[in-house]
Amino acid sequence: MARGALQVRRWPGGVAAVCVATLILGTLLAVVLRAEAGRGLGPSDWAAIRFTVWQALLSAVLSVLLAIPVARALARRAFPGRRAIIGFLGAPFILPVIVAVLGLLSVFGRGGILNVALRWVGLPEVQIYGLHGVVLAHVFFNVPLATRLILQGWQEIPAERFRLAAQLGFGPREMARLIERPMLRRAVPLAAVVIFALCISSFTVALTLGGGPRATTVELAIYEAFHFEFDLGRAALLATVQIVLVGVAALLALRASVAEGFGAGLDRVVTRWDSGGLGKVSLDFVSITAASLFLLVPIVMVAVEGAAGLWKMPAQVWTAAVVSFCVALASTGIMLALALPIAIAAASWRGFEAVGLFGIAASPLVIGVGLFVVIFPIADPFALALPVTALVNAVMALPFALRILVGPVRDVVESYGRLSATLGIGGWAWMRLILLPRLKGPLGFASGLAAALSMGDLGVIALFADSETATLPLQMYRLMGSYQMEAAAGAAVVLLVTSFGLFWAFDRGGRSHVDA
């Protein structure tokens with residue numbers, strides 16, 4: 001006789017959610033309390049605020065403008081390799097930022113292939129440092145994201161809309177005005193605001209390509225106040241400003257995500273009759289090719305230059321690689337310990353999903369400053385550099401892991417909950433026998449994502465590390481700072497291979513049961 005629906009234990013998820021909220025909100029509170037009430041922002045601080053907002057705005061606008069033709073081309077073309085290109089658009093998300101910066105320097109830097117070609121033909125060189133470089137790097141990372149978001153908007157238009165437009169004799173202009181532009185008015189603001197929010201809290205790009213009075217972001221100003229001046233009051237004040245900026249950007253992103261769609265369809269394959277003509281075919285070909293080269297060439301340059309630089313790396317690089325590997329594994333373990341119970345609890349009450357918003361709205365550098373303020377009176381923060389880095393990286397990966405896990409966990413509860421209750425299977429036995437075997441794929445994907453993001457992070461470790469402690473991204477940054485570019489390229493190859501290798505190993509391990 002059935003006992004009713006399965007009673008999912010919420011308390012482990014509640015404990016995990018409270019821990020995450022306490023860490024984020026507690027560090028933010030510590031930062032706010034540490035900020036000196038009577039101390040105001042100086043001219044350089046206001047300049048950093050203006051530059052932060054301006055570069056984020058430029059990055060968002062340019063990323064969206066460049067992504068629209070690429071998304072349109074992918075939406076209306078079917079060709080061999082299309083799925084691979086769409087999949088490749090997700091690669092920059094797990095690409096270590098410091099590796100991408102080195103690749104962009106190889107292409108757009110003073111000794112890069114573009115400036116070599118410009119000098120050869122007698123044209124002025126391009127400048128990558130400062131505002132130009134920061135925006136260029138952000139566009140490199142965010143054009144794929146904008147393309148995926150806008151492409152999703154195109155794919156959500158029911159095929160019946162296009163069929164009806166064909167029956168009514170609509171031409172390309174009418175269809176663009178009545179179908180595509182309304183979709184773009186819904187998808188483009190969301191993509192732009194999300195990118196704006198990401199660029200507001202970008203640190204590594206500003207650290208490597210920015211700098212100077214005219215190209216300093218708020219996060220870079222926090223780092224400089226903390227690392228060079230050890231002015232905790234100014235760092236806390238700037239961190240408070242960063243909290244406001246990121247919070248406003250997150251609220252804008254949430255508001256932009258609420259918009260009316262096109263309604264439901266019958267899931268038919270979309271047939272486009274308006275994609276013919278040599279001009280449109282050529283435009284789509286150029287858009288896809290240009291976007292692919294823009295993303296691929298810097299990565300190829302890193303691989304080519306790094307192959308020769310592998311033999312010129314100091315021994316510290318391999319030590320740092322081992323440190324980063326261990327930190328990534330620890331961060332992944334912490335993420336799973338937090339994400340899985342929260343996802344299980346969210347299967348019965350959606351309010352637990354809101355804990356992921358904390359990680360999106362928070363800045364890792366601000367959390368790092370808050371942890372330093374909390375730890376400094378009672379212990380040596382520099383001795384805890386690696387554990388703190390692993391913890392913060394886990395919390396930063398938590399929102400993405402929850403998006404991956406909550407849906408599949410809810411499906412398992414809905415599909416097997418009553419049967420499990422009937423058989424009297426609950427608690428840890430239910431997790432071991434029912435839930436975990438059916439979550440191998442999502443768990444593997446979430447773990448690979450967390451490990452890759454942690455492996456390539458250059459944020460909190462830059463605050464806490466001393467001269468003898470370094471992860472691989474930090475060691476690579478130090479090599480670049482001492483102009484050992486060949487050794488830095490070799491370290492970039494090691495970092496690139498390790499990051500993608502960790503992602504592949506976890507993701508493949510999670511999907512291994514599918515091929516069995």
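Q: Given that patches are made of residues with over 30% relative accessible area and no salt bridge (Lys or Arg side-chain nitrogen within 4 Å of an Asp or Glu carboxyl oxygen), joining nonpolar side chains (Val, Leu, Ile, Met, Phe, Trp, Tyr) within 5 Å and like charges within 9 Å, how much accessible area does the patch of Trp54, Leu57, Val61, Leu62 and Leu65 have together?
A: In this predicted model, local features need pLDDT (confidence, 0 to 100) of at least 70 and side-chain atom pairs 80 or more, whereas totals for chains, interfaces and linings use all residues. Residues are numbered from 1 along each chain, and side-chain values use heavy atoms, without hydrogens or water. Leu57, in helix H2 (residues 43-76), is partly exposed (20% to 50%; buried is under 20%, exposed over 50%), at 40% relative accessible area. With Trp54, Val61, Leu62 and Leu65, Leu57 forms a nonpolar surface patch whose accessible area (Shrake-Rupley, 1.4 Å probe, only protein chains as cover) is about 450 Å².

Q: Which helix has the highest mean confidence?
A: The protein has a mean pLDDT of 81, and 83% of its residues reach 70 or more. Among helices (DSSP runs of H or I, at least four residues), H8 (residues 159-167) is where confidence is lowest, at a mean of 63, while the highest, at 92, belongs to residues 315-346, helix H14.

Q: Is Phe372 buried or exposed?
A: Eight aromatic pairs are counted (ring centres within 6.5 Å; stacked under 30 degrees, edge-to-face over 60, otherwise tilted). Phe372 and Phe382 form an edge-to-face pair, 5.7 Å centre to centre with 70° between the planes. Phe382 is partly exposed at 30%, whereas Phe372, at 0% relative accessible area, is buried.

Notes:
Helix = DSSP H or I, 4+ residues; strand = E, 2+ residues; numbered from the N terminus. Buried < 20%, exposed > 50% of the residue type's maximum accessible area, 1.4 Å probe, protein only. Phe/Tyr/Trp six-rings, centres within 6.5 Å; stacked < 30°, edge-to-face > 60°.
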